[in-house]
Amino acid sequence: MVLTTMTMEINQSCNKTLRESFSYAAGMSSMIGLPTDRALIEDDECLRWISMYANNQDLFFEDFKNVYVKLVNTGAMWKPSL
C-alpha cells in the first residue's frame with residue numbers, strides 16, 4: 001500500500017488523537033460518554049487491541065485486509081447504498 005506523505009501525516013494525527021482519547025476516557029466519569037465507549041477501555045482484551053492498532057498502523061491495515069478478504073470470499077453481501 002502506497003501512502004502519500006499527507007495521508008501518512010493524517011493517519012499519524014488520527015492515531016495520536018485515538019491514543020489521547022482513550023487516555024482521557026480512562027479517567028472519565030460515568031456521566032460522560034456512551035456506555036459503549038467506556039466498555040471498550042474497560043475490557044482488557046479490547047484495550048490491548050486498541051493499543052496495538054493505535055501504535056502500529058501497518059498491523060491494523062494488514063488485519064483489516066485479511067478479515068475483509070475473508071468476508072468477501074465467504075459470500076458476505078452488503079445492501080447497495082441509497
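This is a short tour of helix packing, a salt bridge and a surface patch in a predicted model.

**Stop 1: α2 against α3.** Select residues 35-42, which form helix α2. Add α3, residues 44-55. The axes of α2 and α3 lie 5 Å apart, and the packing angle is about 85°. Angles of 65 to 115 degrees count as roughly perpendicular, so α2 and α3 are roughly perpendicular to each other. Now show the side chains at the contact. From α2, pick Leu-40, Ile-41 and Glu-42. From α3, pick Asp-44, Cys-46, Leu-47 and Ile-50. Color them by class: five are nonpolar, two are charged and none is polar.

**Stop 2: inside α3.** Stay on helix α3 and select Glu-45 and Arg-48. They sit three residues apart, about one turn of the helix. What links Glu-45 with Arg-48? A salt bridge does, with the closest N and O atoms 2.9 Å apart. The structure holds two salt bridges.

**Stop 3: α3 against α4.** Next, select helix α4, residues 57-73, and keep α3 in view. At what angle do the axes of α3 and α4 cross? They cross at roughly 110° and come within 5 Å. The pair α3 and α4 is therefore roughly perpendicular as well. On the α3 side of the contact, show Trp-49, Met-52, Tyr-53 and Asn-55. On the α4 side, show Gln-57, Leu-59, Phe-60 and Asp-63. By class, this contact has five nonpolar, two polar and one charged residues.

**Stop 4: the surface patch.** Keep Phe-60 selected, since this residue also belongs to a nonpolar patch on the surface. Add Phe-64, Val-67, Tyr-68, Leu-71, Val-72 and Trp-78 to complete the patch. Val-67 lies in helix α4. Switch to a surface view. Together the patch residues have about 690 Å² of accessible area.

Note on methods. Residues are numbered from 1 along each chain as its sequence is written. This is a predicted model: local features need pLDDT of at least 70, side-chain atom pairs count only at pLDDT 80 or more; totals for chains, interfaces and linings use all residues. Side-chain values use heavy atoms; hydrogens and water are left out. Axes are lines fitted to C-alpha atoms, for helices over the stretch in contact, and angles run from 0 to 180 degrees between N-to-C directions. Helices (H or I, at least four residues) and strands (E, at least two) are DSSP runs, numbered from the N terminus. Angles under 35 degrees count as roughly parallel, over 145 as roughly antiparallel, 65 to 115 as roughly perpendicular and the rest as oblique. Contact means heavy atoms within 4.5 Å. Ala, Val, Leu, Ile, Met, Phe, Trp, Tyr, Cys and Pro count as nonpolar, Asp, Glu, Lys and Arg as charged, and the others, Gly among them, as polar. Patches are made of residues with over 30% relative accessible area and no salt bridge: like charges are joined within 9 Å, nonpolar side chains (Val, Leu, Ile, Met, Phe, Trp, Tyr) within 5 Å. Accessible areas come from the Shrake-Rupley method with a 1.4 Å probe; for residues, only the protein chains shown count as cover. A salt bridge is a side-chain nitrogen of Lys or Arg within 4 Å of a carboxyl oxygen of Asp or Glu.
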